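Work through the exercises below with the structure open. Each task is followed by a solution in steps.

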Amino acid sequence: MNIVVLDGYPLNPGDLEWEAMGALGGLRVYDRSTPEEVLERCAGAQIVLTNKCSFDRSTIEALPELQYIGVLATGYNVVDLEAASEKGIVVTNIPAYSTASVAQHVFALLLELCGAIAVHDRSVKMGSWCTCPDFSYSLRELTELDGLTLGLIGYGHIAKAVARIARAFGMHLLVHTRTPGPDREG
């Protein structure tokens, strides 16, 4: 079995070993691959792991030995699923690998927008707080999340994690999803 990893660096920037995967068959790992390199690098492979490299119909048809494409991300948008299905190629993804970190990042950005943390940090470091005549130092109006409404488009793993954090901040939720269900809390 021949295994090709097209985007190895994001998967393993040096803190993991490839030996266990290599024990399954011939393994070739590339840190990064350009679209022009995909066909050459995947020639003869039965298994391909990718993150950003696309597998459109023409790429899939040009790799007759391919049996499995593992997308190292939450979506399938880099693979033509119809073409893969027609060729009997199994396609998988990692639907929940980044759920917590993405939800956390959403609130890091939201808190920055509401509290201007970076602006205040720079100002305080320049000494502006020390010269402020007021007890409370603020460069602009700060917004509290409590009582605000957050809109979510889609309600998959990440949106549900964002919703849990939003509720902890006292926010109200509006959710739009194409698959409504009982777990759609608001």
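**Exercise 1: the sheet**

In this predicted model, β1 and strand β3 (residues 47-50) are parallel partners, joined by 3 bridges.

Task: Find the residue of β3 that stands opposite Val5. Then trace β1 to β2 and place the strands in the sheet.

Solution.
- Step 1. Start at Val5. Leu49 in β3 stands opposite Val5.
- Step 2. Turn to β2. Strand β1 (residues 2-5) pairs with β2 over 4 bridges, in the parallel sense.
- Step 3. Read off residue pairs. Ile3 has Leu27 of β2 as its bridge partner. Asn2 stands opposite Gly26, also in β2.
- Step 4. Assemble the order. The sheet is open, has 5 strands with parallel pairing, and runs β2-β1-β3-β4-β5.
- Step 5. Mark the edges. β2 (26-29) and β5 (90-92) each pair on one side only.
- Step 6. Add the twist. From one strand to the next, the average is 10 degrees.

**Exercise 2: a helix pair**

Task: Classify the packing of α6 and α7 by angle, then list the residues that make the contact.

Solution.
- Step 1. Locate the helices. α6 spans residues 99-115 and α7 spans residues 117-125.
- Step 2. Take the geometry. The axes lie 6 Å apart, at an angle of about 60 degrees.
- Step 3. Apply the cut-offs. Roughly parallel needs an angle under 35 degrees, and roughly perpendicular runs from 65 to 115. Therefore α6 and α7 are oblique to each other.
- Step 4. List the contact. α6 gives Leu111, Glu112 and Gly115. α7 gives Ile117, Ala118, Val119 and His120.
- Step 5. Sort by class. The contact residues comprise 4 nonpolar, 2 polar and 1 charged.

**Exercise 3: the largest pocket**

Task: Which residues line the largest pocket, and how do they divide by class?

Solution.
- Step 1. Take the volume. The largest pocket holds about 160 Å³ of space.
- Step 2. Name the lining. Gly154, Tyr155, Gly156, Thr177, Arg178 and Thr179 line the largest pocket.
- Step 3. Count the classes. The lining has 4 polar residues, 1 nonpolar and 1 charged.

How values were computed: Residues numbered from 1 in each chain as written. Predicted model: local features only at pLDDT ≥ 70, side-chain atom pairs only at ≥ 80, totals over all residues. Heavy atoms only, no water. Axes fitted to C-alpha atoms, helices over the stretch in contact; angles between N-to-C directions. Helix = DSSP H or I, 4+ residues; strand = E, 2+ residues; numbered from the N terminus. Parallel < 35°, antiparallel > 145°, perpendicular 65-115°, else oblique. Contact = heavy atoms within 4.5 Å. Nonpolar A, V, L, I, M, F, W, Y, C, P; charged D, E, K, R; others polar. 1 Å grid on protein atoms, 1.4 Å probe; cavity = no way out; pocket = protein on both sides within 12 Å on 5 of 7 lines; lining within 4 Å. Points joined across faces, edges and corners; volume = space filled by probe spheres on them. Pairing = 2+ DSSP bridges.
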